[in-house]
Amino acid sequence: MKNEANKIPYKIYLEESEMPTQYYNVRADMKKKPAPLLNPGTLKPMTFDELRPVFCDELIRQELDDTTAYFDIPQEIQDFYKMYRPSPLVRAYCLEEKLQTPAKIYYKFEGNNTSGSHKLNSAIAQAYYAKQQGLKGVTTETGAGQWGTALSMACAYLGLDCKVYMVKVSYEQKPFRREVMRTYGAQVTPSPSESTEIGRKILSEHPGTTGSLGCAISEAVEDATTHEGYRYVLGSVLSQVLLHQSIIGLETKTAMDKYGITPDVIIGCAGGGSNLGGLISPFMGEKLRGEKDYHFIAVEPASCPSLTRGKYVYDFCDTGMVCPLAKMYTLGSGFIPSPSHAGGLRYHGMSSILSELYDQGLMEARSAEQTEVFTAAEEFARVEGILPAPESSHAIKVAIDEALKCKETGEEKTILFGLTGTGYFDLKAYEQYNNGTMKDYIPTDEELQAGFDGIPKFPGNEI
């Protein structure tokens, strides 16, 4: 077996005693902080009190704190994590052999839980803080369904109501993930819907629309703010979510340090930023502090290219324009992407943290077309024994690209990527790929311009 002499196990697990007990806030080490959320009415930074009708109190504190480096993980959350964490860091020996590359490839696998993805890391934290506040329940949106599934699990565990607005195209494409949510007690509504004022407005303006994460966010926020005892929670984009997901990178770094492994390239799929931000956080912290250097690559779908073709401006986080303004790389809150199968990456904007890091040139961004992503997914599944989620497969695609470059140059780089979850509920997509009916879609400049035209205009926010 290739590299057998290295004595690196196929799967590296941490001991329970080695699991992180604190989340890491990468903003604390950023000299130039991400821009604050703005009140769309006053164009001033959102205050704690202004955010209270929407978010849980403790989550607002985490969202607004860009100086505290570490937050203690409450014991109840730590105990919940022990059901499925630590997740394995896997050496992709078989993929290396298949590619005949001198590169060493590792992936952090987050699919070892019933929700099937990394989303449970933040879902349990957000549900816990809602429970501690004495709330009745929470509302949310979901794209591919991993976040909705994770949140419904967390709410069932803590005895909270859970209302999920699922992007309509995913609601129809992924009925089994929808049923897992319902099994955990969640109320699942296809979005846009007739259940909310914003949903009805979107349907009247865009008849037959397949929906978007921006639409679903608007409906979930409206639901939360019009029902006593509910708050809205989000599975990506927000700084609080990247904080919770830092457990991925903290575990990864501890495992690599344990075996003296230093990654050269770190790759993650990018939609709103939760997986990528969580994986790179502790490594990015070292880079920001000048301790080490790494090459970070964000991979997004060519059908929804917020980093690679978006504008870095303040924009609404939702299509209904009821949320605060966030400075981020965006395609415009009105942009509705094609119904690609990587539903979790179909968001019009990117985390403010990752947007700022990208704008500073601290990481690279690439886009990938759908069919080439599934080609990589199939190649990975055939040798590594895991059927990857379409979202995760964007990272796989670029990890393979980087490994093949090493094959050409003879460089022995160490490549790390995030395998965010499994694709067993995405078989409709695999069916289309195997049947040769899957299509790629890249928006034209004119189509993107329509989204950019809806970006709010005020002094200092020119495109």
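Visitor: What is the strand order in the open sheet of seven strands, and is the pairing mixed? Which order should I trace?
Guide: In this predicted model, the seven strands of that open sheet follow the order S1-S4-S5-S15-S10-S11-S14, and their pairing is mixed.

Visitor: Which are the edge strands there?
Guide: Strand S1, residues 11-12, and strand S14, residues 364-368, are the edge strands, and each of them pairs on one side only.

Visitor: How many bridges join S10 to S15?
Guide: Three bridges join strand S10 (residues 265-269) to strand S15 (residues 414-419), and the two strands run parallel. Within this pair, Ile267 has Phe417 of S15 as its bridge partner.

Visitor: Which helix packs on the sheet and touches S5, S14 and S15?
Guide: That is helix H15, residues 370-384. The direction of H15 makes about 95° with that of S14, and the S5 strand that H15 touches spans 104-109.

Visitor: And which helix lies across S10, S11 and S15?
Guide: Helix H12, residues 274-288, lies across S10, S15 and strand S11 (295-301). H12 runs at about 155° to S10.

Visitor: Turning to the sheet of four strands, what is its order?
Guide: The order is S8-S7-S6-S9; this sheet is also described as open, and its pairing is parallel.

Visitor: Why is one side of S8 and of S9 left without a neighbour in the sheet?
Guide: Strand S8 (187-191) and strand S9 (230-232) stand at the edges and each has a single partner strand, so one side of each has no neighbour in the sheet. From one strand to the next, the twist averages 20°.

Visitor: How many bridges are there between S6 and S7?
Guide: Strand S6, residues 137-142, pairs with strand S7, residues 161-167, over six bridges in the parallel sense. Thr139 stands opposite Lys163 in S7.

Visitor: Changing topic, how much space lies in the largest pocket?
Guide: The largest pocket holds about 270 Å³ of space. It is lined by 16 residues, of which Arg27, Ala35, Pro36, Leu37 and Glu63 are the closest to its centre.

Visitor: How do the residues of that lining divide into nonpolar, polar and charged?
Guide: The lining of the largest pocket has eleven nonpolar, two polar and three charged residues.

Visitor: What about the second largest pocket; which residues line it?
Guide: Its lining consists of Ile198, Lys201, Ile202, Glu205, His206, Thr319, Gly320, Met321, Ser333 and Gly334. By class, three of these residues are nonpolar, five are polar and two are charged. About 200 Å³ of space lies in this second largest pocket.

Visitor: How many cavities of 30 Å³ or more are there?
Guide: The count comes to four cavities of that volume. The second largest cavity has a volume of about 100 Å³.

Visitor: Which residues line the second largest cavity?
Guide: The lining is made up of Leu37, Val54, Phe55, Ile217, Tyr232, Leu234, Val237, Leu238, Cys317, Cys323, Pro324 and Tyr347. This lining divides into twelve nonpolar residues, with no polar and no charged ones.

Visitor: Where does the peptide bond from Arg85 to Pro86 stand, cis or trans?
Guide: The peptide bond from Arg85 to Pro86 is cis, with omega near 0°. Pro86 lies in the loop between helix H3 (75-81) and strand S4 (89-91). The peptide bond from Ser191 to Pro192 is cis as well, with omega near 5°, and Pro192 lies in the loop between S8 and helix H9 (197-205).

Visitor: What is the phi of Leu43?
Guide: Leu43 has a positive phi of about 60°, although it is not a glycine. Leu43 is found in the loop between strand S2 (22-24) and helix H1 (48-51).

Visitor: Finally, what pLDDT does the protein average?
Guide: The average is a pLDDT of 94, and 97% of the residues score at least 70. Over residues 1-5, however, the pLDDT is below 50; this stretch has twelve contacts in the model beyond near neighbours in sequence. Where pLDDT is low, the predicted coordinates should not be read in detail.

Note on methods:
Residues numbered from 1 in each chain as written. Predicted model: local features only at pLDDT ≥ 70, side-chain atom pairs only at ≥ 80, totals over all residues. Heavy atoms only, no water. pLDDT = per-residue confidence, 0-100. Contact = heavy atoms within 4.5 Å. 1 Å grid on protein atoms, 1.4 Å probe; cavity = no way out; pocket = protein on both sides within 12 Å on 5 of 7 lines; lining within 4 Å. Points joined across faces, edges and corners; volume = space filled by probe spheres on them. Nonpolar A, V, L, I, M, F, W, Y, C, P; charged D, E, K, R; others polar. Pairing = 2+ DSSP bridges. Axes fitted to C-alpha atoms, helices over the stretch in contact; angles between N-to-C directions.
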